[in-house]
Amino acid sequence: VQLQASGGGLVQAGGSLRLSCAASGSILSINNMAWYRQAPGKQRELVAIITNGGRQTYGDTVKGRFTISRDNAKNTMYLQMNNLTPEDTAVYYCNARVRPAPSMGLHGYWGQGTLVTVSS
């Protein structure tokens, strides 16, 4: 199973970006999917989680600005980020709990990360 994150880049404060995370490989089903981020010198923090039923949970710092969504048919998750601030600058990682095959349980997988830089 591989997760490919994309969509990062440089944006001015107040701008928007949309991240994508596509899962591929041996996938029977995907449970929760999530975005995390890690800023320089800081610990990795949760940004948002979405269940396979679409229930969303957000970190306090992004509530009202970010929206997580997923397309189960495409095994893809998105993060719409609006009203970005320099404090949102970080490497964003996607995570998914995947059941690769009927004989296997859920396993956690990480994408490679995509850099988001917000200039003031």
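## Strands β1 and β3

β1 and β3 pair in the antiparallel sense, over five bridges. This is a predicted model. Within the pairing, Leu3 stands opposite Ala23 in β3.

Strand β1 covers residues 2–6, and its side chains alternate. Leu3 and Ala5 point to one face and are buried. Gln2, Gln4 and Ser6 point to the other face and are not buried.

## Ser20 in β3

Ser20 is found in strand β3. Its relative accessibility is 19%, so Ser20 counts as buried, the cut-off being under 20%.

Setting aside residues up to four places away in sequence, Ser20 touches Gln4, Ala5, Ser6, Trp35, Met77 and Tyr78. Three of these names, Gln4, Ala5 and Ser6, belong to strand β1. Ala5 is buried there, whereas Gln4 and Ser6 are not. Met77 is a contact from further along the chain: 57 residues separate Ser20 and Met77 in sequence, yet their C-alpha atoms are 5.7 Å apart.

## The disulfide

The structure holds one disulfide. Cys21 and Cys94 form it, with their sulfur atoms 2.2 Å apart. The link of Cys21 and Cys94 is right-handed, with 70 degrees about the S-S bond. The pair joins distant parts of the chain, 73 residues apart. Cys21 sits in strand β3 (residues 17–24), and Cys94 sits in strand β9 (residues 90–99). A disulfide is a covalent bond between the sulfur atoms of two cysteines.

Both partners are shielded from solvent by the accessibility criterion. Cys21 has a relative accessible area of 0%, so Cys21 is buried. Cys94 also counts as buried, at 0% relative accessibility.

## β4 and its partners

Strand β4 spans residues 29–38. One partner is β9: the two pair in the antiparallel sense over eight bridges. Gln38 stands opposite Val91 in β9.

Strand β5 (residues 45–50) is another partner, and five bridges join it to β4. These strands also run antiparallel. Here Trp35 stands opposite Ala48 in β5. Trp35 is also one of the residues that Ser20 touches. β4 and β5 form a hairpin, with six residues between them. Gly41 lies in the turn and has a positive phi of about 75 degrees.

## Gly59 in a loop

Gly59 lies in the loop between β6 (56–58) and β7 (66–71). The relative accessible area of Gly59 is 14%, so this loop residue is buried.

Leaving aside neighbours within four places in sequence, Gly59 is in contact with Leu46 and Val47. Ser119 is a separate reference point: Gly59 and Ser119 are 60 residues apart in sequence and 22 Å apart in space, C-alpha to C-alpha.

## Positive phi at two asparagines

Most residues other than glycine have a negative phi. Asn75 has a positive phi of about 50 degrees although it is not a glycine. Asn75 lies in the loop between β7 and β8 (76–81). With a relative accessible area of 25%, Asn75 is partly exposed.

Asn83 also has a positive phi, near 50 degrees, and is a residue other than glycine. Asn83 is found in the loop between β8 and β9. At 45% relative accessibility, Asn83 counts as partly exposed.

## The largest pocket

The largest pocket has a volume of about 170 Å³. Its lining includes Arg37, Gln38, Ala39, Lys42, Gln43 and Glu45. Thr61, Pro86, Glu87, Asp88, Thr89 and Ala90 also line the largest pocket. By class, the lining has three nonpolar, four polar and five charged residues.

Some of these residues tie back to the strands. Gln38, one of the lining residues, stands opposite Val91 in β9. Glu45, also in the lining, falls within strand β5, residues 45–50. Ala90 is in the lining too, and residue 90 opens the range of strand β9.

How values were computed. Residues are numbered from 1 along each chain as its sequence is written. This is a predicted model: local features need pLDDT of at least 70, side-chain atom pairs count only at pLDDT 80 or more; totals for chains, interfaces and linings use all residues. Side-chain values use heavy atoms; hydrogens and water are left out. On a 1 Å grid over the protein atoms alone, a cavity is a set of points where a 1.4 Å probe fits but cannot get out, and a pocket is an open set with protein on both sides within 12 Å along at least five of seven lines; lining residues have an atom within 4 Å of a point. Grid points are joined across faces, edges and corners, and a volume is the space filled by probe spheres set on the points. Ala, Val, Leu, Ile, Met, Phe, Trp, Tyr, Cys and Pro count as nonpolar, Asp, Glu, Lys and Arg as charged, and the others, Gly among them, as polar. A disulfide is a pair of cysteine sulfur atoms within 2.5 Å. Helices (H or I, at least four residues) and strands (E, at least two) are DSSP runs, numbered from the N terminus. Buried means under 20% relative accessible area, exposed over 50%, partly exposed in between (1.4 Å probe, protein chains only). Contact means heavy atoms within 4.5 Å. Two strands pair if DSSP finds at least two bridges between them.
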